[in-house]
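Let's walk through this fold together, one piece at a time. Keep the viewer open so you can click along.

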Amino acid sequence: MIVAGFGCRSVATAAALHGALLAAQARLPGNARLAALAAPADRLAQLAPLAAALRLPLIAVEEHALREQQTVTQSARCLSTRACGSVAEAAALSAAGAGARLLVTRQLSPDRTATCAIAIGELA
């Protein structure tokens with residue numbers, strides 16, 4: 001299963017989230033197709049319009065699941081606020097399931113309020 005994971009500030013707009021997704025998809029192998037979007041449970045409302053527009057399910061990732069993931073990116077801001085290196089990478093890895101690995105590391109939206117990473121794994 002291929003999942004786009006998101007991290008964002010509370011002020012991130014739908015356009016910012018879409019911009020982060022486009023940046024990540026630009027680095028995705030051509031034949032890969034997203035199966036779902038994922039974000040921390042407290043950010044689902046921000047992602048819901050994008051998920052609906054793309055007709056993809058939205059997966060809530062709990063805080064403890066974010067902290068359990070080993071991420072490539074180590075953002076000081078994310079470490080201090082969520083205790084993980086990258087919310088987007090951790091959300092994607094957690095939601096992708098067993099054996100998940102990153103296809104695309106954290107990519108920023110043009111306004112830097114949203115991030116997106118893409119992982120592939122087996123749904124548990």
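**A loop threonine, then the sheet**

Start at Thr71: a polar atom of its side chain lies 3.5 Å from the backbone nitrogen of Ser86. That fits the cut-off for a polar contact, which is a pair of N or O atoms within 3.5 Å; within protein, one must be able to donate a hydrogen and the other to accept it, and residues adjacent in sequence count only if both atoms are side-chain atoms. Thr71 sits in the loop between α3 (63-68) and α4 (76-82). Helices here are DSSP runs of H or I with at least four residues, strands are E runs of at least two, and both are numbered from the N terminus. Thr71 counts as buried because its relative accessible area is 11%. For that label, buried means under 20% relative accessible area, exposed means over 50%, and partly exposed is in between (1.4 Å probe, protein chains only).

A word on what you're looking at: this is a predicted model, where local features need pLDDT of at least 70 and side-chain atom pairs count only at pLDDT 80 or more, while totals for chains, interfaces and linings use all residues. Residues are numbered from 1 along each chain as its sequence is written, and side-chain values use heavy atoms, with hydrogens and water left out.

Another threonine to click on is Thr13, in the loop between β1 and α1 (14-25). With a relative accessible area of 41%, Thr13 is partly exposed. A polar atom of the Thr13 side chain lies 3.1 Å from the backbone nitrogen of Ala16.

Now for the sheet. It's an open one with five strands in the order β3-β2-β1-β5-β4, and the pairing is mixed. The edges are β3 (58-61) and β4 (98-108), each of which pairs on one side only. From one strand to the next, the twist averages 25°. Two strands are said to pair if DSSP finds at least two bridges between them.

At the β3 edge, β2 (residues 36-40) and β3 run parallel, with four bridges between them. One bridge to look at takes Pro40 to Val61 in β3. Helix α2 (residues 44-54) packs on the sheet and touches β1 (2-8), β2 and β3, with its direction at about 175° to that of β2. Such angles run from 0 to 180 degrees between N-to-C directions, the axes being lines fitted to C-alpha atoms, for helices over the stretch in contact.

Over at the other edge, β4 and β5 run antiparallel and share six bridges. They make a hairpin with five residues between them, and Arg112 in the turn has a positive phi of about 65°. Val104 is bridged to Ile118 in β5, and Gln107 stands opposite Cys116 in β5.

So what about β5 itself: is it mostly covered or not? Seven of its nine residues are buried, so it counts as mostly covered. Thr115, in this strand (residues 114-122), is buried at 12% relative accessibility. Beyond neighbours within four places in sequence, Thr115 is in contact (heavy atoms within 4.5 Å) with residues including Phe6, Ala20, Ala88 and Leu108. On its other pairing, β5 runs antiparallel to β1 over seven bridges, and Cys8 stands opposite Ala114 in β5.

That brings us to the cysteines. There are zero disulfides in the structure, a disulfide being a pair of cysteine sulfur atoms within 2.5 Å. For Cys116, the nearest cysteine sulfur is that of Cys8, 11 Å away. Cys116 is buried, with a relative accessible area of 0%, and Cys8 is buried at 15%.
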